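User: I am new to reading protein models. Can you walk me through a few features?

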Amino acid sequence: MREKKALSGGNRIEKRVGELRKKKSALGYNFEYIPDFFDTRKDIFILIDEQGIVIDANLSASESLHVSRDELIGSCVWSHFPPQFSKPAKEQTDKVFLSGKPVRYEDKIAQAWYDVVFHPVFNAGKKPDKAAILARDITTQKQVEGLFRFQQDLSIVLSSPLELGEMFSRVLDEIVRIDGIDAAGICVLQDSTGNMEMIVHQGLSDDFIRSISSHDPGAPQVRLIMEGKPLYLSYREAWEEGLATAGSEDFRSVAIIPIKAKDRVVASLNLVSNDLEELSVYARIAFETAADRIGSVIGRKSAEELLHKYELIISTVHSPMSYIDRNYTYQAVNKAYQSAFNKPREAFIGHSIAEIFGKDVFAEKMKKCFDEALEGKEIHYEGWFDYPGSGRRYTIISYYPFRESDGSISGIATISRDITERKKAEELLMESEARHRNLFESASDPIVIMKDNDIDDCNKKTLEVFRCTAREIFSVPFNRFFPPAQSDGEESSRKWDRLFQAALTEKPQFFEWTFVRGNGSRFEAEVSLNPFELKGEYYVQAIIRDITERKIKEEENIKVSKLESISTLAGGIAHDFNNLLATIMGNVELAQFHTNPDHPSYRRLEKAINACNRSRDLIRQFLTLSKGGIPVKKTSSLVPLITDSATLALTGSKIPCSFDISDKLWMVEFDEGQIMHALHNIIMNAREAMPGGGKIAISAKNAMIGPDGVEHGRFIKQGLYVVIDIRDRGVGIPEENREKIFDPYFSTKGKGTQKGMGLGLTTAYSIIKKHGGYIVVDSTVGKGTVFHIYLPATLQKAEHREASRPPERTAQSPILTMDDEEMIREAAKDILEHLGYQVESSKNGEEAIEKFVQAKRAGRGFGVVILDLDVRSGMGGAETMKRLKEIDPGVIGIVSSGQTDNSIMANYKNLGFSAVVAKPYTADELRVVLRKLFMR
């Protein structure tokens, strides 16, 4: 527990470590099935982080370390091993985490040898954050390999031209190098006295040497040796036999092996172990073989007997082993080798390797290893082999040169180690790593791995969204991609540091953020910060979702919602207000008609009429904003409309205007009156932005918007457009006001009678929106503003309509009016009579039709009918005109309305009307319309 606290660095971080362990890291791999896989195996599996903290382990690991799995997980793995193992093992894991490459080595833990692999486990980063320890007990193989080397070295020593004493001393040097043997000596029988005297020794204390240096023929040691049988005794047994003497208290076991020459005991090989209770069967056979070979030097023992001893050794080993001569022919195999191929011994002995494995496998995988071993090298080869008895297995085959007493190499001893399960586990780790890396790279959102606000790793989508190369993104701090401040005004770097630390110490963070791309453009994003542990340190994974398009659409929806609100208000009041205004204006004008121009009241009436006209303009703004203000489109060129709008808006000012309009500008379907009104408002806005003078530049060009659809920071639907740019060199629009300029009633101008109502740009926005277009703004304070207008283009040709000739009527023909408001009927009648016309009034369509029919029967008829479009009770103007056309196809009608649905007003000819006059109208407007209709 103390170690875990030291590693975690405090209670708060320790608590966080616990949480992270439960999650097994936000980017960790799912190893749950790997321990389950290994629980059925004897191999050890442990998953650790860089600090050595155990993340997971199998049952074999907990059993080998004598600790429960629950106690093992979460503890430091090195605390469960002796220092002589844990220190080098930790050094190896450090290499793995540093290089990202697996490390394999062999080491001894307690009394067992293990083949250990430290395999790196990669997360989303470039470096591993975990390591898998895979260990297999190879004690048996290790002992056999050591004994084989001892046999080889023994052959060299015994074949060397040395004196017997020096040769024996060299033999003991090789013996004490064998694992588990701490001391050894050779005693020689003196033919003259029958005494056994120790002539060479290694590792024995002086007290012990003095007590056993010489024994007479009657001593227990001599008596037992002369029986010719090896003795393998524990310390207690040696004491009981009278063999334990001074200096032997630390011994755990003793071996006394007779050395014979020509079937006669001539010496003994004495071995001592401080650790082993008894020598293994492999060691016993090996040492007995060594004693025989020592005896062969003395008594020239035959080579056939040595080969028999060799077969006895390999037959007891569980790994497949064989002895193959220089002709690649089998001379000996053990039982494990026979089982692997499911063949008896006779199927191998005397047969070549190519017959067993096949010519191709022998030539491609084995011959080179045999040839190098025959040159005196130890060779280790690993690969997949097909064994009839066990199927396809991944095997490490070791090739050891077998030396004769003269030092020559007579053949090759092989040991095969089956590591299929370990290989599958390694491949499982690699497959898991590749799968998770693929998910990381194929993510549809940028994923950034950060440490201390620096980018440690990122996926391909990050480079795409941030529009920079990997070299660029890794060479700068992450705050390089921040603007100076966020939308709330807080400094970006300071705010990010606060959120980053909160993600590390409190909980994952989720927020909206503004980023700057490599090319300098900005984009809005949703960011989630999630911590995870990597190499004992805390990292943060940032998932960044570009929401620029969504934000643009949300802003558009907000504007549309505001327009809908104002249009609902406009549509609700326009009709009633128009009727009231029409009555007021008509009566004021009539009063002025009857007033002498020199009378003081005349000017007051004139001011009242001007006020009515301004009120009428305001109502028309409302009508344009209303839901019913549907544009009546025709296909035509925008070129004359653009120049006319600019000329009209700049009349009376000294501001010059330049034009840059494409010669091949596409056609557009538009309502001429509405688009002209929109352009007029925008140009007027530009004019008023330069109170001290300046210049306006207007350009128009064709544009094809692709799937990306983001222009000037706004989403534009894919398609063909004509783009009109209106640029001024005025004061510019502050950033805090740019999103408000299209809001109803927003204005930075002084409120007054001529400007500052705050509906000009709102009306322009509404008109462009109803035409399926877009209007966006770029502005820099002190430098000017550009309005970009996108109108959907068409490749059709312009429409050409035949001008209709108005029917002939005389000014003496009476006029029939229809309106449901009595005050308007009276005012209209007075105005028309003042203009010199005879007038009859009706309150609805039914009454108008009745009077029309009566007049027709009387032979006098009406020259013109003026019909209100919308009637609260009774037949409205459109239906009335239809019925009148059925009665008299030549009837001339004027539609008059102040309602919001001006699509009917704009399409009056399609409904049979000859002219239109919008309420409230003046006497002059009515006079002009009637004059045109009665004109011959």
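Analyst: We will take salt bridges, a helix, two sheets and a surface patch in turn. This is a predicted model, in which local features need pLDDT of at least 70 and side-chain atom pairs count only at pLDDT 80 or more, while totals for chains, interfaces and linings use all residues. Residues are numbered from 1 along each chain as its sequence is written, and side-chain values use heavy atoms, with hydrogens and water left out.

User: How many salt bridges are there?

Analyst: Side chains of opposite charge can pair when their charged atoms come close. A salt bridge here is a side-chain nitrogen of Lys or Arg within 4 Å of a carboxyl oxygen of Asp or Glu. The count comes to 18. One of them joins Lys90 to Asp94, with the closest N and O atoms 3.7 Å apart.

User: Where do Lys90 and Asp94 sit in helix 6?

Analyst: Residues three or four places apart in an α-helix point the same way, because there are 3.6 residues a turn. Lys90 and Asp94 are four residues apart in helix 6 (residues 83–99), so about one helical turn separates them. Helices (H or I, at least four residues) and strands (E, at least two) are DSSP runs, numbered from the N terminus.

User: Which parts of the chain does the pair of Arg417 and Glu106 link?

Analyst: The closest N and O atoms of Arg417 and Glu106 are 3.4 Å apart in their salt bridge. Arg417 lies in strand 16 (residues 409–418) and Glu106 in strand 3 (residues 103–109), 311 residues apart. Asp115 joins these two in a network of salt bridges.

User: Is Arg417 buried or exposed?

Analyst: Buried means under 20% relative accessible area, exposed over 50%, and partly exposed in between (1.4 Å probe, protein chains only). Arg417 is buried at 8%. Glu106 is partly exposed at 29%.

User: What is the strand order in the open sheets?

Analyst: Strands pair if DSSP finds at least two bridges between them. One open sheet of five strands runs 13-12-16-15-14, with antiparallel pairing. Its edge strands, 13 (330–333) and 14 (379–387), each pair on one side only. Another open sheet of five strands has the order 32-31-33-34-35, with parallel pairing. There, strand 32 (839–842) and strand 35 (915–918) are the edges.

User: Which residues form the nonpolar patch on the surface?

Analyst: Patches take residues with over 30% relative accessible area and no salt bridge, joining like charges within 9 Å and nonpolar side chains (Val, Leu, Ile, Met, Phe, Trp, Tyr) within 5 Å. Accessible areas come from the Shrake-Rupley method with a 1.4 Å probe; for residues, only the protein chains shown count as cover. Leu580, Ile584 and Met823 form the patch, with about 280 Å² of accessible area together. Met823 is partly exposed at 43%.
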